[in-house]
Amino acid sequence: MIQDIAPHVFHNEYLPRPMGATDAVVCCEDSQILLNVTAGDTSVTFPHLSDFSADEQVHIANSNPQYLFSIDETGYFSVSAQQLPFSALQQAQPQDASQLQPAFRCASGQLLRFCPVQIFRQQPDNATAHAIMVAYHLTSWMARSRFCGRCGAKTAPHPKERAMQCSACGNLIYPQISPAVAVAVVDLPNDRILLAKGLGEFRKFALIAGFVEIGETVEECVRREVFEEVGLKLGALHYYKSQPWGLTSIEMLGFFAELSGSDALRLQETEIAEARWFSREQLSEAPVQSLSFTLIEAFRTGEYLRYLK
Ligand SMILES: [Zn+2]
């Protein structure tokens, strides 16, 4: 899964420090992120402070870059687009004019472009994909937390905690992480798994999933979501693994759930377009970036049986 970045190590301890030459520049604007791109290739990297000229490095370092996290020894620092000295950067060559977003040439020769955050899905390197997701999660939370929800005054990053603090009343706002579940309902006697297609933009067969609601346990959420969406009752639940999903500020908890009773489906028409039981042979190998597809793949390969004890 995307967060599996070994041999690299993700450090989320909040240890702010001055930005150094080898640290990564994170510039996120809405759902776009500034990255090094190469013509004809979908893989990207973060720009580093050393990619900029000496004058530009001083300008960026003096513009209050915000420490986010580290991977190995590299710190990731949020810098707003207004703080970046784009005026000092050379415009990219004309052959890039057909691209959707403006491109800039760094002093080092790296070509920078604002890319959709979804570009994380196309990265062969999990460390880059994970960094894009976590950087987006943190910068979008900071952008939504610029004012205090209690008194309306401006906030600023807390010097010692990963939190935004109100300048007037001291209210602390921590990163928002919403628990959600992905449920692989399995019909053990018939060796089948339930997959469903939602009515949203994502129109592929996937698992039943949903947010944990206020006042309920994660286990109650699993049973409620499955009953609401497809009308099935569940027996034993088996926790599998979890996954941070910064794109939607989620911590996804994955379960295998045994069918109990009837296998007849009753679809929630406002949420589910189609749902079906699939045998192992009917499934093809799935990409395992997300927890949802990793659960499906664990069913297809039979690995899931280890989790049902
Ligand atoms: Zn306040």
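This report describes selected features of a predicted model, from its zinc site to a helix and several strands.

## Zinc site

The zinc ion is held by four cysteine sulfur atoms: the SG atoms of Cys148, Cys151, Cys166 and Cys169 are its protein donors, lying 2.3 to 2.4 Å from the ion. Along the sequence, these donor residues follow the spacing C-x2-C-x14-C-x2-C. The arrangement is tetrahedral because the angles subtended by the four donor atoms run from 98 to 119°, within the limits of 85 and 135 degrees set for that geometry.

Two of the donor residues may be described by their accessibility. Cys148 has a relative accessibility of 5% and therefore counts as buried, the cut-off being under 20%. Cys151, with a relative accessible area of 42%, is partly exposed.

## Three-stranded sheet

Strands β11, β12 and β13 make up an open sheet, arranged in that order with antiparallel pairing. Its edges are formed by β11 (155-157) and β13 (172-173), each of which pairs on one side only.

Two bridges join β12 (residues 164-166) to β13 in the antiparallel sense. In this pairing, Gln165 has Leu172 of β13 as its bridge partner. The zinc donor Cys166 lies within the residue range of β12.

## Helix α2

Helix α2 comprises 19 residues, 126-144. At 1.5 Å a residue, a span of 27 Å is expected, and the C-alpha atoms at the two ends are 27 Å apart, so the expected and modelled values agree. Of the 19 residues, 16 are buried, and the helix is therefore largely enclosed by the rest of the structure.

The N-terminal end of α2 is capped by Asp125, which places a side-chain oxygen 3.1 Å from the backbone nitrogen of Ala127.

## Strands β14 and β16

Strand β14 (residues 178-187) pairs with β16 through four bridges, again in the antiparallel sense. Within this pairing, Phe211 of β16 stands opposite Ala180.

Side chains alternate along β16, which covers residues 208-211. Ile208 and Gly210 are buried and point to one face, whereas Ala209 and Phe211 point to the other face and are not buried.

## Leu34 in strand β4

Leu34 belongs to strand β4, residues 32-38. Its relative accessible area is 0%, so Leu34 is classed as buried. Between Leu34 and His48 the C-alpha to C-alpha distance is 11 Å, and the two residues are 14 residues apart in sequence.

How values were computed
Residues numbered from 1 in each chain as written. Predicted model: local features only at pLDDT ≥ 70, side-chain atom pairs only at ≥ 80, totals over all residues. Heavy atoms only, no water. Expected span 1.5 Å × (residues − 1). Buried < 20%, exposed > 50% of the residue type's maximum accessible area, 1.4 Å probe, protein only. Polar contact = N/O pair within 3.5 Å; in protein donor to acceptor, adjacent residues only side chain to side chain. Pairing = 2+ DSSP bridges. Donors = N, O, S within 2.8 Å, 3.2 Å for Na, K, Ca; no water. Tetrahedral: all angles 85-135°; square planar, octahedral: opposite > 155°, others 65-115°.
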